[in-house]
Amino acid sequence: MGSGLGFVLGDGVGCIDLDHCLVDGVPTSAAGEVLRAYPGNYVEVSPSGDGLHIWGTADPAPGTRRVEDGLAIERYSTGRYITVTGNVFRAGTLLPL
């Protein structure tokens, strides 16, 4: 894909952004827990190369950011631009987030 291509979230599409959760391409244990909660969702490596984007459907809501077990978890479903890398971590589809 091209550099800087992305998607403005909304119209039922959302994303969970996991920052700095890949070590040598392997998810941390905290990231693994989050990924297990969304088993069929499309997941790609973020532009940094050490994060993940979990894509899915979501009702419009304010964005949230929290830290669990040292993992920064951001959830957005409206008005946020997310870069699309095409670097598939796990094939899937847009299922509810």
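1. Buried means under 20% relative accessible area. Trp55 meets that cut-off: its relative accessibility is 5%, so the residue counts as buried. Keep this in mind throughout, and keep in mind that the model is predicted.

2. Start with the rings. A search of the whole structure turns up one aromatic pair. Its partners are Phe7 and Trp55, arranged edge-to-face. Their centres are 6.3 Å apart, and their planes stand at 80°. The two residues are 48 apart in the chain, so the pair links distant parts of it: Phe7 belongs to strand E1 (residues 6–8), Trp55 to strand E6 (residues 52–57). Trp55 is buried, whereas Phe7 is partly exposed, with a relative accessible area of 34%.

3. One more ring deserves a look. Arg80 lies over the face of Tyr76, and the distance to the ring centre is 4.2 Å.

4. Now the interior. The largest nonpolar core has 16 residues. Ile16, Leu18, Cys21, Val34, Leu52, Ile54 and Leu71 are the ones that touch the most other members. Several elements feed this core with at least two residues each: strand E2 (13–18), helix H1 (29–36), strand E5 (43–45), E6 and strand E8 (71–76). The largest share, four residues, is supplied by H1.

5. There is also a second, separate core, made of six residues. Among them are Leu9, Cys15, Trp55 and Ile82. Trp55 therefore has two roles to check in the viewer: membership of this core and the edge-to-face pair with Phe7.

6. Ile54 is worth selecting on its own. Setting aside neighbours within four places in sequence, Ile54 is in contact with a list of residues that includes Gly14, Cys15, Ile16 and Leu18. Val34, Leu35 and Tyr38 are also among its contacts. So are Asn41, Tyr42, Val43 and Leu97.

7. How much of E2 is buried? Six of its six residues are. Side chains in a regular strand alternate between the two faces of the sheet. In E2, Val13, Cys15 and Asp17 lie on one side, with Gly14, Ile16 and Leu18 on the other. Both faces are covered.

8. Which strands pair with E2? E6 does, in the antiparallel sense, over six bridges. Here Cys15 stands opposite Trp55. E8 pairs with E2 as well, again antiparallel, over four bridges. There Leu18 stands opposite Ile73.

9. Why does Cys15 form no disulfide with Cys21? Their sulfurs are 12 Å apart, too far for a bond. Cys21 holds the closest cysteine sulfur to that of Cys15, and the reverse is also true: the sulfur of Cys15 is the nearest to Cys21. The structure as a whole holds zero disulfides. Both cysteines are buried, Cys15 at 1% relative accessibility and Cys21 at 0%.

10. Finish at the surface. Ala91 sits in the loop between strand E10 (88–90) and strand E11 (95–96). Is Ala91 buried or exposed? At 63% relative accessibility, Ala91 counts as exposed. Not counting residues up to four places away in sequence, Ala91 touches Asn41 and Tyr42. Ile54 has contacts with Asn41 and Tyr42 too. The C-alpha atoms of Ala91 and Ile16 are separated by 15 Å, with their positions 75 residues apart along the chain.

How values were computed
Residues are numbered from 1 along each chain as its sequence is written. This is a predicted model: local features need pLDDT of at least 70, side-chain atom pairs count only at pLDDT 80 or more; totals for chains, interfaces and linings use all residues. Side-chain values use heavy atoms; hydrogens and water are left out. Rings of Phe, Tyr and Trp (its six-membered ring) pair if their centres lie within 6.5 Å; planes under 30 degrees apart count as stacked, over 60 as edge-to-face and the rest as tilted. Buried means under 20% relative accessible area, exposed over 50%, partly exposed in between (1.4 Å probe, protein chains only). A charge sits over a ring if NZ of Lys or CZ of Arg is within 6 Å of the ring centre and within 35 degrees of the ring normal. A nonpolar core is a set of buried Ala, Val, Leu, Ile, Met, Phe, Trp, Tyr and Cys residues joined through side-chain atoms within 4.5 Å. Contact means heavy atoms within 4.5 Å. A disulfide is a pair of cysteine sulfur atoms within 2.5 Å. Two strands pair if DSSP finds at least two bridges between them.
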